[in-house]
Structures are given as structure tokens and as C-alpha cells.
Amino acid sequence: GGVEMDVKNAVTRAKRGLREERRLYIVAVTSLAVAFLCLSVTLLGVANLDAAADRWGQSGRLTLYLKDDADTQDIAQLRVVLEGLSDVQAVEHVTPEQARQAFLTDADVGADLGALPSDVFPASLEVTLGQGVSRERSESIATRLSQFHAVSDVESYRGWFEKLDGLLFGVRMLTAGLALLVVFCVIAVIGNTIRLAVARRRQEIEVMKLCGATHGFVRGPFVLEGMFQGFTSALLAVSALLIAYVSLRGYVDNSLAALTGSRVVFLSVWTMLGLIAGGALIGAAGSALSVRRYLSV
């Protein structure tokens, strides 16, 4: 009963504090909402990069470069083996002349390189793997195929995926750094806001202490006010991002599908809940630290 009364009292006093200091808190919440929005946008970018990487990783292809002396029978046998694999969706034989034409079309080179003969370009088998084939499985298939007599080399695009993994790791580290920056920002802004609120209510606090109020009794409302600021800031940021996502989704989806072949994704429910709950907890922590430091209670 006593604990319930203490909580109820703290909530009532926190509500009054929020009303009395609303201008101060509106400025703080607005500033912090911008910080949380920056973090949310970065997290959204990471989520979409991950989704694109998964899609690219599961819609792979292999290029089997054929030896110059590979005879027609060996190539035909290789095609039969490839088409018999359940992971393989399509196999296309590219002749040296076709490879030359594709190179000249894609590279848009001048006359010097345009004079290159067809035999400079090796013949190849372009293998399209089915949806859902993992990178590990793709590497396993590439290793087995490289042992065929007609094959001179197999390109599994592993290096490209390793670079993509490196990019994703870098972006995640950047996001972690930004998250730390937002945490310090929240603690600093809420700490300063609560410190100003404490200074304005110092006389009331002195009276409560003279009447035998405990440290927790004095701190409680300020911690709740800080928690409310952090919670509201994160909620505003997530809501603004959701509104922007819903408004721009059609346009962004078309552009992203053309570039990467994947659709835009939003933050997971757990990420949104984590942001909002994290905002509330960091706000409470910043407030508690500020009250402790400036009141010596």
C-alpha cells in the first residue's frame, strides 16, 4: 500500500512538473527527437542494406570459363551435369564472339579495344542459381565444377560479397557509434533540463526534506519526467519515420527495385520497441544522475 501511494504521489507530482515546465520540456523533447530520428534513419538504412545483401546472396550466379581446347562433347557433358543440379535454374553458353560483343556494349570503349579479336575472350557457361541458394552452397558448387576438365576457372563473385560484408560491418560500426552519441546527447540534454527544473523547485524540495522526505521521494518525480522526455522523443522520431516511410514507399520501392532488385523494408517491431524503451530508460538514467549530482540527495 505504501509503495503504491509513493508511486501515485510521484506520478501526480511529475504531471504537475511537466505542466509547469512544459516550454522547457518541449524544447528538450524536440531536440532529442531529431537525435533519435537520425539514429532511426541510420538503422533503417542498415536494415535495407541487410535485406538487399540477403537477396543478392540468395540469387547468385556462377561463371564457368572454358578452356580454349575444350571440345564440344566435354562442354555438352558439363551442361548436362549443371542442368541436373536442383540448385541450378538456367545455363547459358556464351561463345567468345558473344563475350566480345557483350564487353564492347557494356564497356563503351574506343576503337583501339574494339579491334580486339574474339579469341581474346574465353568462352563460358553462365549459370543462374535458384532462389534461396546460400553463399556457402554456391561456393561448394563452384569448387566441384572447377574440377571438370573443360573448366579453366570458376567465378563465384566471392570477392564482391566479401566487400559487401565489409561495407555492412563498417555501416554497423557507424550505427553503433551514432547510438552511443545519441545516448550521451539524451543524458546531457535531459540532465540539463532536469537541473533547471530542480533549481526552480529548490524551495519546494527544501520544505519536503525538512518534513522528512526520503531521497527516493524527492527524486521520483524528476526521474519520471526524464523518462517521459526520453520516451516521447523516441516515439516522435519513430512515428515521423513511419509516416515518411508510408508516404514515400511507392516511389522508393520502384527506384530500389530497379537498382537492387529488392523492396524497401521498415524497422522491425522489436527495433522500434527497443528505440522507444531505450529512450525512456536513458531519459530516466539521465534524470537520476542529474538529480543526484545537483541536489546531493
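**Cores and surface of a predicted model**

Author: In this predicted model, the largest nonpolar core has 31 residues, and those with the most contacts inside it are Phe36, Val186, Ile194, Phe222, Phe266 and Leu267. At least two residues of this core are supplied by each of helix H2 (22–57), helix H7 (158–200), helix H8 (202–210), helix H9 (215–260) and helix H10 (269–295).

Reader: Which residues does Phe36 touch, leaving aside those up to four places away in sequence?

Author: Phe36 touches Val182, Val186, Gly230, Ser233, Ala234, Ala237, Leu275 and Gly279 once those sequence neighbours are not counted.

Reader: Why is Val127 called buried rather than exposed?

Author: Val127 has a relative accessible area of 1%, and since buried means under 20%, Val127 therefore counts as buried. This residue is found in strand S3, which covers residues 124–129, and the C-alpha atoms of Val127 and Val91 are separated by 4.7 Å, although the two are 36 residues apart along the chain.

Reader: Why does Val269 count as exposed?

Author: The relative accessibility of Val269 is 54%, and the term exposed applies over 50%, so Val269 counts as exposed. Val269 lies in helix H10.

Reader: What makes up the nonpolar surface patch of about 390 Å²?

Author: The patch is made by Val269, Trp270 and Leu273, and membership asks for over 30% relative accessible area, a cut-off that the 54% of Val269 satisfies.

Key: Residues are numbered from 1 along each chain as its sequence is written. This is a predicted model: local features need pLDDT of at least 70, side-chain atom pairs count only at pLDDT 80 or more; totals for chains, interfaces and linings use all residues. Side-chain values use heavy atoms; hydrogens and water are left out. A nonpolar core is a set of buried Ala, Val, Leu, Ile, Met, Phe, Trp, Tyr and Cys residues joined through side-chain atoms within 4.5 Å. Buried means under 20% relative accessible area, exposed over 50%, partly exposed in between (1.4 Å probe, protein chains only). Helices (H or I, at least four residues) and strands (E, at least two) are DSSP runs, numbered from the N terminus. Contact means heavy atoms within 4.5 Å. Patches are made of residues with over 30% relative accessible area and no salt bridge: like charges are joined within 9 Å, nonpolar side chains (Val, Leu, Ile, Met, Phe, Trp, Tyr) within 5 Å. Accessible areas come from the Shrake-Rupley method with a 1.4 Å probe; for residues, only the protein chains shown count as cover. A salt bridge is a side-chain nitrogen of Lys or Arg within 4 Å of a carboxyl oxygen of Asp or Glu.
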